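Okay, everyone, thanks for coming. I'd like to walk you through one structure today, so have a look at the screen.

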Amino acid sequence: MLFLICTVPFLTSNIIRMISWIPVLGRNGLVNSTLIQLGLVPQPIEWLLYSDFAVVLAMVHLYTLFMVTPIFNTLMRIDRSLIEAARDAGASPFQILWTVILPLARPGMAIGTIFVVTLVMADYSTVQVMSGGQSASVALMMKNQMSLLQYPAAAANAVVLLALVLLLVGAILRVVDIRKEL
Amino acid sequence: MTVADQITVTGSSKPRRRPLSLARVASYLQALPLAVILGFFLLLPILFLLVVSFWDYDFAGLYPGFITLNYEDVLGSWVTWKTYLNTLKFAAIVWGITLFAGFWIAYFSPFTSGPRRSRRCCS
């Protein structure tokens, strides 16, 4: 059921889901009007929309499922008897979580990390819409260069970004050996 | 494979060698569609990107050539570095939150080995 709830938003497009945050977070939006009617704040909170907070919120909303699915996959493959054995050996629920489940979920976490990091590094529409042009990302910079017909500058930027992301992915794969642990 | 090669070489019998080479070609053929798709849609654009990144440009057009001015512009301006830092900051924050939330959502999903499921199996 939780998984189904997670998948339902994916029936609409990325941009639509992003824009739907605006009436929620805006100055006269749902959150602010509710807070004012409850008397919690005297005037609307300004940093809800068009700020780094909004960008992070929208990105988390958009990309959590890319993290959930690989971890879900690895968790599903864990042998139940391992957990039973740990419990029979006298492990507390926290110990089971920390010493059995978490190490076995590491490959899924690594795959999800690769997804999320590459997606965030390449994201420009979220940053543009949710920060209102007040925050910048590399992809947004490239998009601006391309709209100014500075294709070679954008290409050079893209090569640098590609190298950086490849380095990041290489570092992640160095930390967690996906093939060995999967 | 090397052993098989040695056998065929020492045997030097042509009819025996043919099925081996055909099998080898068949495996390459099986890998061909993916290689073609990846090469056309992934490697070729990246190659173009690399080539174009060394070209010259002004407000009117692109001029094929080989200059490193673009890279000097990209790596030499503090705006770029700040933007990269900003992007990395977003990536780090979003990664932390999604990892935390993602693990617990997956953990408490009904199909995985959450606490509820495993308790039911043992009692």
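So, where the two chains meet: 40 residues of chain B are in contact with 45 residues of chain A. Keep in mind that this is a predicted model. On chain B's side of that contact, the elements giving two or more residues are α2 (14–52), β1 (56–57), α3 (69–76), α4 and α5 (115–122). Which of them gives the most? That's α4(B), with 18 residues. And what kinds of residues are on that side of chain B? They divide into 27 nonpolar, 11 polar and 2 charged.

Let's stay with chain B for a moment. It has 5 helices and 2 strands, and from the N terminus on, the order is α-α-β-β-α-α-α. How much of chain B is buried? Of its 123 residues, 17% count as buried.

Now find α4(B) on your screen. This helix has 30 residues, and from its first C-alpha to its last it reaches 43 Å. At 1.5 Å a residue you'd expect 44 Å, so the two values are close. Its buried residues include B:Thr83, B:Asn86, B:Thr87, B:Phe90, B:Val94, B:Gly102, B:Phe103 and B:Ala106. Hang on to those names; you'll hear them again.

Next up, the core. The largest nonpolar core has 54 residues, and those touching the most other members are A:Ala54, A:Ala58, A:Met59, A:Tyr63, A:Ile71, A:Val120 and B:Val94. Which elements give two or more residues to this core? From chain A we have α5 (52–77), α7 (93–104), α8 (106–121), α9 (125–131), α10 (138–147) and α11 (151–175), and from chain B there's α4 (78–107). The largest share, 13 residues, comes from α5(A).

Let's zoom in on one core member, A:Ile71. Setting aside neighbours within four places in sequence, A:Ile71 is in contact with A:Ala105, A:Gly108, A:Met109 and A:Gly112, and also with B:Gly102, B:Phe103 and B:Ala106. Those three from chain B were among the buried residues of α4(B).

Now α5(A) itself. Its 26 residues should span 38 Å at 1.5 Å a residue, and the end C-alpha atoms are 37 Å apart, so the two agree. There is a bend in it, though: a kink of about 40°, centred on A:Tyr63. And A:Tyr63 is one of the core residues that touch the most other members.

Another spot to click on is A:Ser137, in the loop between α9 and α10 of chain A. Is A:Ser137 buried or exposed? It counts as buried, because it has 28 C-beta neighbours inside 10 Å, and the cut-off for buried is 20 or more. What does A:Ser137 touch, leaving aside neighbours within four places in sequence? From chain A, the contacts are A:Asp123, A:Tyr124 and A:Val127, and from chain B they are B:Thr83, B:Asn86, B:Thr87 and B:Phe90. Those four chain B residues are on the buried list for α4(B) too. A:Ser137 and A:Ala122 are 15 residues apart in sequence, with 8.4 Å between their C-alpha atoms.

For contrast, try A:Glu84, in helix α6 (residues 80–88) of chain A. A:Glu84 is partly exposed, with 14 other C-beta atoms within 10 Å. Its C-alpha is 33 Å from that of A:Val116, which is 32 residues away along the chain.

Two backbone oddities before I finish. A:Tyr50 has a phi near 55°, a positive value in a residue other than glycine. A:Tyr50 is in the loop between α4 (30–37) and α5 of chain A, and with 20 other C-beta atoms within 10 Å it's buried. A:Leu149 also has a positive phi, near 60°. A:Leu149 is in the loop between α10 and α11 of chain A, and this one is partly exposed, with 15 other C-beta atoms within 10 Å.

Last bit: the domains. The domain assignment gives chain A a domain 1 (12–48) and a domain 2 (50–181). Their centres, taken over C-alpha atoms, are 27 Å apart. The contact takes 9 residues from domain 1 and 10 residues from domain 2. On the domain 1 side, helix α2 (residues 14–19) of chain A gives the largest share, 5 residues. By class, that side has 7 nonpolar, 1 polar and 1 charged residues.

That's me done. Thanks for listening!

Key. Residues numbered from 1 in each chain as written. Chains lettered and ligands numbered in written order. Predicted model: local features only at pLDDT ≥ 70, side-chain atom pairs only at ≥ 80, totals over all residues. Core = buried A, V, L, I, M, F, W, Y, C linked by C-beta atoms within 7 Å. Buried ≥ 20, exposed ≤ 12 C-beta atoms within 10 Å, placed from the backbone. Contact = placed C-beta atoms within 7 Å. Domains from an automatic or database assignment. Nonpolar A, V, L, I, M, F, W, Y, C, P; charged D, E, K, R; others polar. Expected span 1.5 Å × (residues − 1). Bend = angle between axes of the 7 residues up to and from the residue.
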